[in-house]
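Biologist: Please take a close look at one part of this structure, the packing of its helices, and describe it for someone who has not seen it before.

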Amino acid sequence: MTSTEFSILSLMAQNAGKVLTHQYLLKEVWGVAYQSQPQYLRVFIAQLRKKIENDPSFPTFILTESGIGYRFSEQAER
């Protein structure tokens with residue numbers, strides 16, 4: 001796991017169950033200048049899902065909240 005992936009996962013785990021907006025995640029991981037660069041986040045979320053999800057196409061830990069951001073679920077949702 002890269003340091004950036006770890007930063008994202010750590011931040012999400014610390015806020016498990018809460019929806020974290022794209023802007024919040026970008027600001028916390030990359031800084032204020034990257035708040036309007038959601039493509040960075042999409043790439044890293046996809047990489048994380050490949051590493052921690054049983055089936056990255058149907059994630060149970062890193063959940064997308066469409067148009068808002070992502071939520072980390074400690075309990076896999078089925």
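Modeller: Contact here means that heavy atoms lie within 4.5 Å of each other. The model is predicted. Residue S73 shows how the term is used: when residues up to four places away in sequence are not counted, S73 touches T60, F61 and L63. S73 sits in the segment that follows β3. With a relative accessible area of 8%, S73 is buried, since under 20% counts as buried.

Now to the helices. Two packed helices are described by the angle between their axes and the distance between those axes. Take first helix α1, residues 3-14, and helix α2, residues 22-29. Their axes come within 10 Å and cross at roughly 130°. That angle makes α1 oblique to α2. The crossing of α1 past α2 is right-handed. On the α1 side, the residues that meet α2 are T4, S7, I8, L11 and M12. Their partners in α2 are Y24, L25, E28 and V29. Sorted by class, this contact of α1 with α2 holds six nonpolar residues, two polar ones and one charged one.

Two residues from this contact can be followed further. S7 belongs to helix α1 and is partly exposed, its relative accessible area being 34%. Between the C-alpha atoms of S7 and E28 the separation is 8.8 Å, although the two residues are 21 residues apart along the chain. V29 belongs to helix α2. V29 is also partly exposed, with a relative accessible area of 23%. If neighbours within four places in sequence are left aside, V29 is in contact with T4, S7, I8 and L11. From V29 to R71 the C-alpha distance is 16 Å, and the two are 42 residues apart in sequence.

The next pair is α1 and α3, where α3 covers residues 38-52. These two helices pack at an angle of about 80°, and their axes are 10 Å apart. The angle makes α1 roughly perpendicular to α3, because angles of 65 to 115 degrees count as roughly perpendicular. From α1, the residues T4, E5, I8, L9 and M12 take part. From α3, they are met by L41, F44, I45, Q47, L48, K51 and I52. By class, the contact of α1 with α3 consists of eight nonpolar, two polar and two charged residues.

The remaining pair to describe is α2 and α3. Their axes come within 10 Å and cross at roughly 85°. The two helices are therefore roughly perpendicular to each other. In α2 the contact is made by H22, L25 and L26, and in α3 by P38, Y40 and L41. Five of the residues in this contact are nonpolar and one is polar, while no charged residues are found there.

L26, one of the α2 residues in that contact, is buried, with a relative accessible area of 0%. Leaving out neighbours within four places in sequence, L26 is in contact with G31, Y34, Q35, Q37, P38, Y40 and L41. The C-alpha atoms of L26 and S36 are 8.0 Å apart in space, and the residues are ten apart in sequence.

The helices also share a nonpolar core. The largest such core has 14 residues. Those with the most contacts inside this core are I8, M12, L25, L41, I45, I62 and Y70. Elements that give two or more residues to the core are α1, α2, α3 and the strand β3, residues 69-72. L25 can be traced within this setting: apart from neighbours within four places in sequence, L25 is in contact with L11, M12, L20, W30, L41 and Y70. L25 also appears among the α2 residues that meet α1 and among those that meet α3.

Definitions and conventions: Residues numbered from 1 in each chain as written. Predicted model: local features only at pLDDT ≥ 70, side-chain atom pairs only at ≥ 80, totals over all residues. Heavy atoms only, no water. Axes fitted to C-alpha atoms, helices over the stretch in contact; angles between N-to-C directions. Helix = DSSP H or I, 4+ residues; strand = E, 2+ residues; numbered from the N terminus. Parallel < 35°, antiparallel > 145°, perpendicular 65-115°, else oblique. Left-handed = near helix turned anticlockwise from the far one by under 90°. Nonpolar A, V, L, I, M, F, W, Y, C, P; charged D, E, K, R; others polar. Core = buried A, V, L, I, M, F, W, Y, C linked by side-chain atoms within 4.5 Å. Buried < 20%, exposed > 50% of the residue type's maximum accessible area, 1.4 Å probe, protein only.
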